[in-house]
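Colleague: I've got this model open on my screen and I'd like a close look at one part of it, then a walk outwards from there. Could you take me through it in plain words?

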Amino acid sequence: MNTVFIALGSNLDNPVYHVEKGITDIHHLPETEVIKESSLHKSKPVGPQNQPDYINAVIKIITNYEPLPLLDVLQDIENKHHRKRAERWGPRTLDLDILMYNDLIINHERLVIPHPEMINREFVLIPLKEITNYDFIIPKYGKLLQYI
Ligand code: ROI
């Protein structure tokens with residue numbers, strides 16, 4: 001089994017529903033279990049401000065999916081939530097980002113792990129802090145607490 005952290009975000013069409021349903025959908029993936037969930041955090045949009053506030057959360061899962069197959073099934077879940085990929089930085093019904101996968105450092109054209117923006121985003125760092133220990137280490141970047 002592999003330990004993976006995933007960030008969830010939504011700011012359209014009942015965001016609380018989409019984030020909670022996203023967590024349930026991930027829990028229902030084969031050979032996958034959600035073992036920790038942060039609370040739901042409301043946050044101002046990073047990037048263009050002319051969009052609704054976000055609901056964000058971070059979860060810890062264990063899974064048998066390898067990184068790219070996991071990305072595929074997470075994108076299937078996003079699509080099921082009618083996510084439209086039209087606008088970069090724009091509003092979305094459900095965004096699922098793989099933050100970390102075991103201690104792996106991956107630089108693939110479809111997938112960079114640890115997520116390169118995670119250390120700059122409070123809407124990821126604060127919920128991540130909620131579900132990890134005070135000395136938690138982000139692979140490649142070091143102690144989580146130095147970024148908060
Ligand atoms: N801003 C917040 N607060 N939360 C997000 O999940 C989020 N996602 C994004 C951008 C547009 C960068 N801004 C965000 O993709």
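Colleague: Let's start with a salt bridge: which residue does Asp-72 form a salt bridge with, and how far apart are the closest N and O atoms?

Modeller: Happy to, and bear in mind that this is a predicted model. The partner of Asp-72 is Arg-110, with the closest N and O atoms 2.9 Å apart. This pair ties together distant parts of the chain: Asp-72 sits in helix 2, while Arg-110 belongs to the loop between strand 6 (106–107) and strand 7 (112–113), 38 residues apart. How covered are the two ends? Asp-72 counts as partly exposed because its relative accessibility is 35%, and Arg-110 is also classed as partly exposed, at 40%.

That's one of 4 salt bridges found in the whole structure, so let me go through some others. Helix 2 takes part again through Lys-80, which forms a salt bridge with Asp-25, and here the closest N and O atoms are 3.6 Å apart. Once more distant parts of the chain are linked, with Lys-80 in helix 2 and Asp-25 in helix 1, 55 residues apart. The two ends of this bridge sit in contrasting surroundings. Lys-80 is exposed, because its relative accessibility is 51%; Asp-25, at 8%, is buried, because the cut-off for that label is under 20%. Asp-25 is also part of something bigger than a pair: Lys-21, Asp-25 and Lys-80 are linked in a network of salt bridges. Away from those helices, Lys-44 forms a salt bridge with Asp-53, the closest N and O atoms being 3.3 Å apart. In that pair Lys-44 is exposed at 59% relative accessible area, whereas Asp-53 is partly exposed at 26%.

Now follow helix 2 inwards. The largest nonpolar core has 25 residues, and the ones touching the most other members are Leu-8, Ile-26, Ile-59, Leu-70 and Ile-98. At least two residues of this core come from each of strand 1, helix 1 (15–27), strand 4, helix 2 (67–80) and strand 5. Helix 2 makes the largest contribution, 5 residues. As background, nonpolar side chains tend to be buried together in soluble globular proteins.

Ile-59 is a good place to see who meets whom. Setting aside residues up to four places away in sequence, Ile-59 touches Val-4, Phe-5, Ile-6, Leu-8, Ile-23, Ile-26, Val-34, Lys-36, Glu-37 and Ile-131. There is also a second, separate core of 15 residues, and its members include Phe-5, Val-124, Ile-131 and Tyr-141. Phe-5 and Ile-131 thus turn up both among the contacts of Ile-59 and in that second core.

Next, the strands. Strand 1 and strand 5 pair in the antiparallel sense over 6 bridges, and within that pairing Leu-8 stands opposite Leu-96 in strand 5. Strand 5 is largely enclosed by the rest of the structure, because 7 of its 7 residues are buried. His-115 reaches this part of the fold from the loop between strand 7 and helix 3. Leaving out residues up to four places away in sequence, His-115 touches Asp-97, Ile-98, Leu-99 and Arg-121. With a relative accessible area of 17%, His-115 is itself buried.

That brings us to helix 3 (residues 122–130), whose buried residues are Val-124, Leu-125, Pro-127 and Leu-128. They pack against strand 1 (2–10), strand 3 (41–43), strand 4 (54–63) and strand 5 (95–101). Ile-126, also in helix 3, is partly exposed, with a relative accessible area of 32%. Apart from its neighbours within four places in sequence, Ile-126 is in contact with His-41 and Ile-148. Its C-alpha atom is 26 Å from that of Leu-29, a residue 97 positions away along the chain.

Finally, the outside. Ile-126, Tyr-134, Leu-145 and Ile-148 form a nonpolar patch on the surface, and together they have about 390 Å² of accessible area. Leu-145 comes from the segment after strand 9 (142–143) and counts as partly exposed at 35% relative accessibility.

Technical notes: Residues are numbered from 1 along each chain as its sequence is written. This is a predicted model: local features need pLDDT of at least 70, side-chain atom pairs count only at pLDDT 80 or more; totals for chains, interfaces and linings use all residues. Side-chain values use heavy atoms; hydrogens and water are left out. Buried means under 20% relative accessible area, exposed over 50%, partly exposed in between (1.4 Å probe, protein chains only). Helices (H or I, at least four residues) and strands (E, at least two) are DSSP runs, numbered from the N terminus. Contact means heavy atoms within 4.5 Å. Patches are made of residues with over 30% relative accessible area and no salt bridge: like charges are joined within 9 Å, nonpolar side chains (Val, Leu, Ile, Met, Phe, Trp, Tyr) within 5 Å. Accessible areas come from the Shrake-Rupley method with a 1.4 Å probe; for residues, only the protein chains shown count as cover. A salt bridge is a side-chain nitrogen of Lys or Arg within 4 Å of a carboxyl oxygen of Asp or Glu. A nonpolar core is a set of buried Ala, Val, Leu, Ile, Met, Phe, Trp, Tyr and Cys residues joined through side-chain atoms within 4.5 Å. Two strands pair if DSSP finds at least two bridges between them.
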